[in-house]
Each structure stands twice: as C-alpha cells, then as structure tokens.
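Here are my notes for someone opening this one for the first time. Have a look around the model, then read the points in order.

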Amino acid sequence: LSTWSIEDRTLLVNQCLELTCDSREAIRESYLSVMIYLPMILGEEFRPLIDVTISSVIESISHESDKVRNLAIKCIKIIIKGFLRKDPSSLVGPLVEGVFSEKQVRRLSSIILLGDLLEILNENEDNGEPLYETHSRIFTAMYIAKSDANAEVRSAANNMFKIFVSAPQRCLRGILSELITCYSIMLSKDSLHLNELALSSLEEFTTKYGEFFLGVLISQVELLRGRTGIEGRKGLCIFLCYFIRFYPESCLTPEIKTKLFDELFDFFSYDEKQIWMQSLGGLRNIIEKSSDVSFLDEILSNGFPDLKTIINDTLSYEKITELFCCLLETRWPRLSSKIIKILVVQEAKEWQLDVMLRKADDIARLMYKTEGLESGADVLLSILFNVEKDNESLAKEAVLQILAATDLDITSVIIEDLTRVVEKLTSDKDIGKLITIINLLSRYFEESVEESVEEPVEEPVE
C-alpha cells in the first residue's frame, strides 16, 4: 500500500467500506477485518476518511452475528484511540443515536463504545471541567438508558454511569437542559419504544430529583419554549404534563401548583391544537392531585383564568369550549361558581350551550352548590331565557340534559320551583315564557315515562 498514490488508497478504503455493509455475512466479516488494519497502516492519511468509515461500520454493531459485531466494535475502538482523543464529535452523534435504537444489540454496543470514548476523554481532560459539562449528550443518553427495558442494556448503562459520575445530582443539574430536550423529542415521536423509555426514565427522575430541580426545570422549559418550533413546543408540553403526573403529590405545595398552572396556561395560548389540548391534560393532572385548594385563591386573585377576557372573541370556539369543559371537572366551588355564572347569566352563545350539553352531569352536580344562584330552577331559567334567538332549541336541549342528569331528590325540588314560576307567569300573563316552560316540562315527563316503562314479559306458551 505504501507504493500506492493517495487517490488509489482512498479508492481502496471506499471500496472496502461498501463491502462492510454487504448482506452476505462472510463478505462483511472479511472486509471489516481489513478495516481494522487500514487506520494503522494509513496513519494521518486516514483522518479525512473517519466520518465515512464510522457511518459505514456503525451499522454492523447491531448485526446478528457476534463475529461481525465484535469486528465492528474493534474497528471503532481503534479509530477512537488513534484519531478521536481530542475531538470525538464525529462519533458522538451516531453512538448516542444507537443508544435509542429499537435494536437491543445496537443499544448495548453503543453504550460499550461510549464507555470507551469517555475513558479516553477522561484521560485527556485537562481543563478541570467535569466531563458531563463538556459532553452532556453522552451523559444524557447514558442516564436515560439506565431505564432501558432490556436488563443487559440497563446494567451496562448503570455501570458506566457509576464509573464516570460520582455526584449524580450535580451531574443532572449540569445536563438538565439537554435532558429536558431529549425527553421532549422522545415523547413527541411516533415510536412506542422511545415513548416507553422516556416515560420510564422520566418517572425515575421526577420521583428522585423532581423536588430538587423544580424551579430551574420550569425556567429551562420556559427558555426552551421560546427557542423552538411547533414540534419542539409540543414535546415540551408533553414532557411537562408527564412531569406533573409523576411528581409526588405530597410535594405539590400551593406555590408549585401556581407555577405549573401558569406555565401550562402559557402553552394553552398557542394556536396549534396539539399543544393547547396537551396543556389541558396537564391542567387536569394538577386538578386531580389537588385535595388542598388553598392555592386557588392566589391564582384567582392574580386573574387566572381571566374569565371575563376569555369569553370575548380572543379564543376560538373549540378552544374556549374545551377549556370550560376542563375547568368544570374541578371540585373547586369558587371556580365552579364563576364558570356557571358565565355560562348561564350572560346571553348564552353557542359555545356556552355546547359546554352545558357536554358537561350536563357536572352542571347538575354543581347547581345547588353555586354561590349567588338562589336555586337550580334559577340556573335552568337563565339558560332558557338568557339566550340568543338562534340558539333557543339548543338551550332547551341543554336544560333537558341537565334535568335528566340531576339526582331525583333535587329534580323534584327543581320541578316544584318551576311550577311556582309557571303560577307566577300565569298571573303575569307572560304567555311566551309560560308556553316555553310547559313544553319543556311536558318533554321531560314524556322522556322520563318512556325510560321507566319496562318491556312486557311474554308468558310462556303452554
């Protein structure tokens, strides 16, 4: 080879690399054996060929044959030791990608090679900075791989992490931005493997370290949200929702709930449906975990949610409907009171009636617990008569749905109240409203009777 020109030697390497990807195992094995020696023979002339060599050989680290896989690993180790001691950037990307591969053998091989890479980097590190500060991608991949579903991969990642990380909490603080980004990307991908791996790792991270990193984590999410596009924001929102789900309930103080609520509502302000729908899921997670509602006072006093602003045309029909449906699921009397008053006291528009139809059960449950409303009959009358003309039939349907969802004892009280209203309207000769209520009651009783009538049982023929 020493008698060949540089062009001929380069051509030889490229031809060998093509055959290292051959589908025939024996051919692939033979040319990988050749590639083990070429870096040592060519010396510095091999440096321009490093990237193309890595991209070809890296595919074989997940090969089903042990021989092929071991030859590929050996070839990459030789390149690491001979050429990448100072600048391993060309190898980090493919190996980190390999850690998240769906193939178990590739994940394991990638972790082994990352360990070799870290060992050499550790020997050459002379600036006093911890390795995780300068190589956060490697440590992020290693930390997430500690939760891999495969025991062999999980064990290898755990061992590597223990060898190179003496203070896990300090390391995680150093790689937090990279870790959040990686979780967000994995959770937004349409890949069951990546989703499950990210969730498993995130649950461990949140349970062990969530309390320590909460403040800086929210700041990082806010910072990353401003720098990324639609897919990035979607991933960050999914990450935050799962973080809330896994966060220990005992640690959710009023201040923390307020911070998380505010951050999620910032995501709700985006126009992309996937993002704001995901943020509503996070709001529900906080609601479900909130047995103590004292933090709500601060949220409401700070104008969240500013319901008077929300009912203007600043939000789309779909978004405002979903928001109110979400908030009606709460068990917070003060918030429920505000919502019901907005739904029934204003001149009801189509979106308000849509919310009532979809959440008739919740409105029925809350009617008699709402401050400032004298009775359930007041609520129903407000729905019937404070409505735009085009929506009158929709309003009647909403009232019937709410009546049908109401407990029988409460329904009887409402019917009594409505009967008294009928008597008053009769004496006042308000024929329009009178006919509306009588028709409504007629429909209610007809439907109730139909539901209660049982099918006759046929007598057996003798």
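The numbered points below go from the whole chain down to single residues.

1. Before anything else, keep in mind that this is a predicted model. The chain is built from helices: there are 25 of them, with zero strands. Of the 462 residues, 49% are buried.

2. How do the contacts spread along the sequence? Taking the contacts with a separation of 6 or more, 70% are between residues 24 or more positions apart. On the outside, the chain exposes about 23,500 Å², and 49% of that comes from carbon and sulfur atoms.

3. Now for the inside. The largest nonpolar core holds 105 residues, and Phe100 and Phe205 are the ones with the most contacts inside it. Which helix gives this core its largest share? That would be α12, with twelve residues. Apart from this core lies another one, of 26 residues, including Ile402, Ile415, Val422 and Tyr444. As background, nonpolar side chains tend to be buried together in soluble globular proteins.

4. Phe205 is a good place to zoom in. Not counting neighbours within four places in sequence, Phe205 is in contact with Tyr143, Leu172, Leu176, Leu179, Tyr183, Gly210, Phe213, Leu217 and Phe243. Several names from that list turn up again in the helix points below: Leu176, Leu179 and Tyr183 are among the buried residues of α11, while Phe243 is among the buried residues of α13.

5. Helix α11 covers residues 176-188, and its length works out nicely. Its 13 residues should span 18 Å at 1.5 Å a residue, and the end C-alpha atoms are indeed 18 Å apart, so the two agree. Which residues of α11 are buried? They are Leu176, Leu179, Ile180, Cys182, Tyr183, Ser184, Met186, Leu187 and Ser188. Their cover includes α8 (136-145), α10 (168-174), α12 (192-227) and α13 (230-246). When you look at the spacing of such positions, remember that an α-helix has 3.6 residues a turn, so residues three or four places apart point the same way.

6. Helix α13 is worth a look too. From first C-alpha to last, its 17 residues reach 25 Å, close to the expected 24 Å. This helix is mostly covered, with twelve of the 17 residues buried. The buried set includes Leu236, Ile238, Phe239, Leu240, Phe243, Ile244 and Phe246, but also Arg233 and Lys234. What do these buried residues pack against? The partners are α11, α12, α14 and α15 (273-288).

7. A search of the whole structure turns up ten salt bridges. One of them joins Asp148 to Arg107, with the closest N and O atoms 2.8 Å apart. This pair links distant parts of the chain, 41 residues apart: Asp148 sits in the loop between α8 and α9 (151-164), and Arg107 in helix α6 (residues 104-124). Are the two ends buried or exposed? Asp148 has a relative accessible area of 1%, so this residue counts as buried. Arg107 is buried as well, at 5%.

8. Arg225, in helix α12, deserves a point of its own. Arg225 forms a salt bridge with Glu263, the closest N and O atoms being 3.0 Å apart. Glu263 belongs to helix α14 (residues 254-268), 38 residues from Arg225. Arg225 also bridges to Asp266, at 3.6 Å between the closest N and O atoms. Asp266 is in helix α14 too, 41 residues away from Arg225. Together, Arg225, Glu263 and Asp266 are linked in a network of salt bridges.

9. How covered is that network? Arg225 and Glu263 are both buried, the relative accessible area of Arg225 being 11%. Asp266, at 33%, is partly exposed. Beyond four places in sequence, Arg225 is in contact with Arg233, Leu236, Glu263, Asp266, Phe267 and Tyr270.

10. Last, go back to the surface. Leu1, Trp4, Tyr37, Met40 and Ile41 form a nonpolar patch there, with about 530 Å² of accessible area together. Ile41 lies in helix α2 (residues 25-42). Why is Ile41 called exposed? Its relative accessible area is 52%, and the cut-off for exposed is over 50%.

Key
Residues numbered from 1 in each chain as written. Predicted model: local features only at pLDDT ≥ 70, side-chain atom pairs only at ≥ 80, totals over all residues. Heavy atoms only, no water. Patch = residues over 30% accessible without salt bridge, like charges linked within 9 Å, V, L, I, M, F, W, Y side chains within 5 Å. Areas by Shrake-Rupley, 256 points an atom, 1.4 Å probe, with all protein chains shown as cover. Salt bridge = Lys/Arg side-chain N within 4 Å of Asp/Glu carboxyl O. Helix = DSSP H or I, 4+ residues; strand = E, 2+ residues; numbered from the N terminus. Buried < 20%, exposed > 50% of the residue type's maximum accessible area, 1.4 Å probe, protein only. Expected span 1.5 Å × (residues − 1). Contact = heavy atoms within 4.5 Å. Core = buried A, V, L, I, M, F, W, Y, C linked by side-chain atoms within 4.5 Å.
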